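Work through the exercises below with the sequence and the 3D view open. Try each task before reading its solution.

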Amino acid sequence: MSSWEVFIVEDDIRIAEINKRFVEKVEGFSVCGIALNEEEAKEQISILRPDLVILDIFFPDMNGLDLLRWIRSEFRGIEVIMVTAATEVNTLKYALEDGIFDYIVKPVIFQRFKDTLIQFNEHKSSIVQLSADKEINQNVIDSLLKREKVEVEPLFLPKGIDPITLDKILSILMKHEQGFTAEDLGHRTGVSRTTARRYLEYLVSEQKAKADITYGGVGRPERIYKYGL
């Protein structure tokens with residue numbers, strides 16, 4: 001397997017570190033840098049010239065789609081995978097039109113992430129091998145252009161699960177290792193305990209959180225939810 005350098009652009013450092021961990025669990029890939037904002041991203045991409053950029057969309061100082069267009073205009077050969085909570089159809093449409101390699105919706109499942117990196121390696125390795133050939137035939141061209149894409153992760157969450165609220169709850173869990181009850185998390189996020197529990201149980205079902213049982217002062221059991229890969 002070839003060796004590919006990956007650059008991560010994500011304004012939440014905890015999520016960026018998780019993405020870094022995911023990348024480095026896949027053979028042949030390493031992370032050459034992390035940027036938290038537009039200025040850092042443009043400066044470091046210009047210097048490092050990575051093979052692949054993992055890019056979010058929502059930033060305080062920019063829209064990730066604008067950075068995607070900048071990468072496309074300035075650097076030939078750098079591929080981009082969007083990893084984001086954005087599920088608007090137009091956002092996906094614009095990203096596809098600007099030539100993304102893949103689009104993965106948060107919260108990210110490692111196997112889905114791994115699959116697209118393996119696909120990236122196969123595709124880029126095929127392009128590298130072409131440079132050694134003086135001539136190609138139609139079969140080679142068709143094989144390269146009609147590569148089998150990893151199936152795009154569904155854009156629609158179950159009824160009652162809003163992607164922005166889900167991302168907010170997941171981010172809070174990631175930043176607080178002690179965990180929360182549904183009631184505590186509801187107070188922190190401004191939603192009811194019932195709503196918080198629905199989101200937390202969804203995260204448990206997706207293996208992005210785990211639930212433990214603890215007993216209060218009067219012996220009543222409570223479910224404590226913690227972030228867990």
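Helices (H or I, at least four residues) and strands (E, at least two) are DSSP runs, numbered from the N terminus. The model is predicted: local features need pLDDT of at least 70 and side-chain atom pairs count only at pLDDT 80 or more, while totals for chains, interfaces and linings use all residues. Residues are numbered from 1 along each chain as its sequence is written, and side-chain values use heavy atoms, with hydrogens and water left out.

**Exercise 1. Place D11 and describe its surroundings.**

Step 1. D11 sits in the loop between β1 (4-9) and α1 (13-24).

Step 2. Classify its exposure. Buried means under 20% relative accessible area, exposed means over 50%, and partly exposed is in between (1.4 Å probe, protein chains only). D11 has a relative accessible area of 32%, so this residue is partly exposed.

Step 3. Look for a patch. Patch residues have over 30% relative accessible area and no salt bridge; like charges are joined within 9 Å, and nonpolar side chains (Val, Leu, Ile, Met, Phe, Trp, Tyr) within 5 Å. Asp and Glu count as negative, Lys and Arg as positive, and His and the chain ends are not counted. The place of a charge is NZ of Lys, CZ of Arg, CG of Asp or CD of Glu. D11, E39, E43 and D61 form a negative surface patch.

**Exercise 2. Describe the salt bridge between D12 and K175.**

Step 1. A salt bridge needs a side-chain nitrogen of Lys or Arg within 4 Å of a carboxyl oxygen of Asp or Glu. For D12 and K175, the closest N and O atoms are 3.7 Å apart.

Step 2. This pair links distant parts of the chain: D12 is in the loop between β1 and α1, K175 is in helix α7 (residues 163-175), and 163 residues separate them.

Step 3. D12 counts as buried because its relative accessibility is 13%. K175, at 47%, is partly exposed.

**Exercise 3. Compare two salt bridges that lie within helices.**

Step 1. D66 and R69 meet in a salt bridge with an N to O distance of 3.0 Å. They are three residues apart in helix α3 (residues 64-74), so about one helical turn separates them.

Step 2. D66 is partly exposed at 46% relative accessibility, and R69 is partly exposed at 34%.

Step 3. In the salt bridge of E97 with K93, the closest N and O atoms are 2.8 Å apart. Both residues lie in helix α4 (residues 89-97), four residues apart, about one turn of the helix.

Step 4. E97 counts as exposed, with 53% relative accessibility, whereas K93 counts as partly exposed, with 40%.

Step 5. Elsewhere, salt bridges that share partners join E10, D56 and K106 into one network. The whole structure contains eleven salt bridges.

**Exercise 4. Which backbone angles of K106 to P107 and of R49 stand out?**

Step 1. The peptide bond from K106 to P107 is cis, with omega near -5 degrees. P107 belongs to the loop between β5 (102-105) and α5 (110-130).

Step 2. R49 is not a glycine, yet its phi is positive, near 50 degrees. Its place is the loop between α2 (38-48) and β3 (52-55). With 53% relative accessibility, R49 counts as exposed.

**Exercise 5. How many helices and strands are in the protein chain?**

Step 1. The protein chain has nine helices and seven strands.

Step 2. Of its 229 residues, 44% count as buried.

Methods. Areas by Shrake-Rupley, 256 points an atom, 1.4 Å probe, with all protein chains shown as cover.
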